[in-house]
Amino acid sequence: MNTIISNILKETKLEFKGNKYANVTFKVYFNNNILEEKYKQRIYPFITEEDTENSDFNLCVMVDDELFKEMCEIAEMYPESNYVASYCSKESGMVRLKRYAIEDYLVVLSDKRNAFWILDKQKENIFFIGNKECLEHFYREFFLLFEHIIVKKCVEKGAMLVHAAAVEKDNRVVILVGNKRSGKTTTFFELCKEGKYAPMSVDKVLLIEKGGVIKVYGVPTRLRVLAGTLSKYEELYSLIPEKYQGASDDVLWKGESDSKVEMPLKQFEEFVDNNFSQEGKLSQIVFNHVNSDMEDSKVNVGKTNDNSEILENNIFSPVNPEEDWWSEIGLEKIDLLNERKNIMLEKIKKLNFIEFETKNDFTLLFEILIAQ
C-alpha cells in the first residue's frame with residue numbers, strides 16, 4: 001500500500017493545481033479529463049483556482065483499471081466494516097460503503113464498488129482510485145464524497161454547516177431556513193428570478209466568522225428541483241418529467257421525489273440572468289413556508305427565539321442525526337466543534353428573523369427584505 005501511494009505521488013507531484021474554497025486551500029490532480037470536466041461543472045461557481053504553496057489537503061484523482069484491480073486485491077486481505085454515508089435521512093439518500101484499515105490508511109470502497117477513497121493518518125493526502133465504470137456513477141462515487149471531504153475540512157477549521165438556501169445582493173446574504181419541503185427551493189427561485197438576487201446555494205451553506213462579521217459561502221451541492229417549482233416558469237416546462245407534464249396542482253403540491261430533476265448550474269444562471277456569488281455577509285434569516293392552504297401571504301419580523309428549534313435542527317453538527325463522519329476528518333475535535341457551533345448560534349440569533357408564509361405570492365417578502 002505504501003509503495004502504491006509513494007509511486008502515485010512521485011508521478012504526479014508536479015502536476016497538482018491549487019484551489020481555494022471558503023476557509024481552506026487544497027491541491028488537486030486528475031489523470032482523467034472526463035472526470036475532471038464533470039468535477040469542474042459542479043464546483044466552478046464555488047471554488048477558484050489559486051496558486052498556493054501550502055494547502056490544507058491534497059487530492060489525487062486516478063482512473064486506472066489496473067491500479068483499481070491492485071487495490072481490490074489488497075483490500076481482500078483485510079477485514080471490512082460496513083458504513084453508511086448520508087445526504088438525506090431517507091433510505092434512498094444513503095450511500096453504502098465498505099471501510100478498511102490498511103497499514104496507515106483509512107480505505108473506503110464506494111457502494112457501486114467502482115472506486116476507492118484513501119486517506120492517510122493525518123487526512124492531508126487523499127486519493128481517489130477508480131475504474132472506468134466509476135465515470136457512470138459520478139455523483140455517488142465521487143462528488144458526494146468529495147463534497148463531504150471539503151466541507152469537513154472547512155468545519156474542522158471553524159466553519160459551521162447549515163441546511164439552508166442562500167441568495168446575495170450588494171454583499172448582503174439572505175439565507176432561507178426551513179424543514180424539508182418547506183419551500184426553500186421555490187423561494188430561492190423566486191428571489192433569484194423576480195427579486196434579482198444572485199444565487200449562492202440551494203441546499204447548504206457554510207458560515208464563517210471573520211473580523212466580527214459572519215460570512216456565508218455556498219456549498220456545491222446538486223440543484224434538484226421539484227416539478228411543482230418548474231411548472232411556475234414557462235421556459236422550464238421542458239425539464240419537467242413527462243409523467244408530471246400537465247399534472248394537476250394537487251399532484252404537483254405533493255412533491256413526489258420522482259418529480260425532481262437536476263438542473264445544471266449554468267442553465268440556472270442563464271434562467272435568472274445572474275451568476276452564482278461565492279461569498280457575502282450574513283444579513284437576514286428567512287424562515288419560509290410555502291403552504292397550499294394559504295390565501296394571503298403572512299410575514300413577521302423580529303429578534304425572537306420562536307424559530308430557534310428550527311434553526312438548531314438545520315445546523316449540521318456532531319449531534320445532528322443526518323451528519324456523518326465516514327472520513328473521520330475532524331472526529332477528534334467533536335467537543336470543540338460543538339462549542340464553536342453554540343457560540344456561532346448565539347450570534348446568529350441576534351440577527352433579524354423573518355417568518356414568511358405564502359402559497360405563491362412573494363411580493364410581500366421582497367418588500368420586507370428591501371425595507372430591512
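These entries record what I looked up in a predicted model of a single structure.

**Overall form**

I began with the secondary structure and found eleven helices and 20 strands in the chain. I then looked at the radius of gyration, which is 21 Å and close to the 21 Å that the globule rule gives for 372 residues, so the chain is as compact as a globular protein of that length. Along the principal axes, the C-alpha atoms fill a box of roughly 65 × 50 × 35 Å.

For burial I noted that 55% of the 372 residues count as buried, and for the surface that the accessible area comes to about 17400 Å², with 44% of it belonging to carbon and sulfur atoms. Among contacts with a separation of 6 or more, 71% are between residues 24 or more positions apart. I also looked up the charged side chains, of which 49 are positive and 63 negative, and the centres of these two sets lie 2 Å apart.

**The nine-stranded sheet**

I next followed an open sheet of nine strands, whose pairing is mixed and whose order reads β3-β1-β2-β4-β9-β8-β7-β6-β5. Its edges are β3 (48-49) and β5 (81-86), each of which has a single partner strand, so one side of each is left without a neighbour in the sheet. Within this order I looked at one pair more carefully: β6 (residues 94-102) and β7 (residues 105-109) are antiparallel and share five bridges. There I found Arg99 with Val108 of β7 as its bridge partner.

**Strand β10 and its partners**

I then turned to β10 (residues 160-169), which is mostly covered, with nine of its ten residues buried. Which strands pair with β10, and in what sense? I went through them as follows, beginning with β11 (residues 172-177), which is antiparallel to β10 over six bridges.

- In the pairing with β11, I found Ala165 opposite Leu176; two residues lie between the strands of this hairpin, and Asp170 takes a positive phi near 55 degrees there.
- With β13 (residues 204-210), β10 runs antiparallel and is joined by four bridges, and I noted that Val162 stands opposite Val205.
- With β12 (residues 198-201), the sense is again antiparallel, over three bridges, and here Glu168 stands opposite Ala198.
- With β19 (residues 315-316), I counted two bridges in the antiparallel sense, where Leu161 has Phe316 as its bridge partner.

As background to these entries, I keep in mind that strands of a sheet pair through backbone hydrogen bonds, either parallel or antiparallel.

**Leu236, a loop residue**

My last entry concerns Leu236, which lies in the loop between α6 (227-230) and α7 (249-254). Is Leu236 buried or exposed? Its relative accessible area is 3%, and since buried means under 20%, I entered Leu236 as buried.

I then asked which residues Leu236 touches, not counting those up to four places away in sequence. The answer is Phe189, Leu230, Met263 and Phe271. For Phe271 I also looked up the separation: Leu236 and Phe271 are 35 residues apart in sequence, while their C-alpha atoms are 8.5 Å apart in space.

Terms used:
Residues are numbered from 1 along each chain as its sequence is written. This is a predicted model: local features need pLDDT of at least 70, side-chain atom pairs count only at pLDDT 80 or more; totals for chains, interfaces and linings use all residues. Side-chain values use heavy atoms; hydrogens and water are left out. The radius of gyration is taken over C-alpha atoms; the globule rule is 2.2 Å times the number of residues to the power 0.38. Buried means under 20% relative accessible area, exposed over 50%, partly exposed in between (1.4 Å probe, protein chains only). Contact means heavy atoms within 4.5 Å. Accessible areas come from the Shrake-Rupley method with a 1.4 Å probe; for residues, only the protein chains shown count as cover. Lys and Arg count as positive and Asp and Glu as negative; His and the chain ends are not counted. The place of a charge is taken as NZ of Lys, CZ of Arg, CG of Asp or CD of Glu. Two strands pair if DSSP finds at least two bridges between them.
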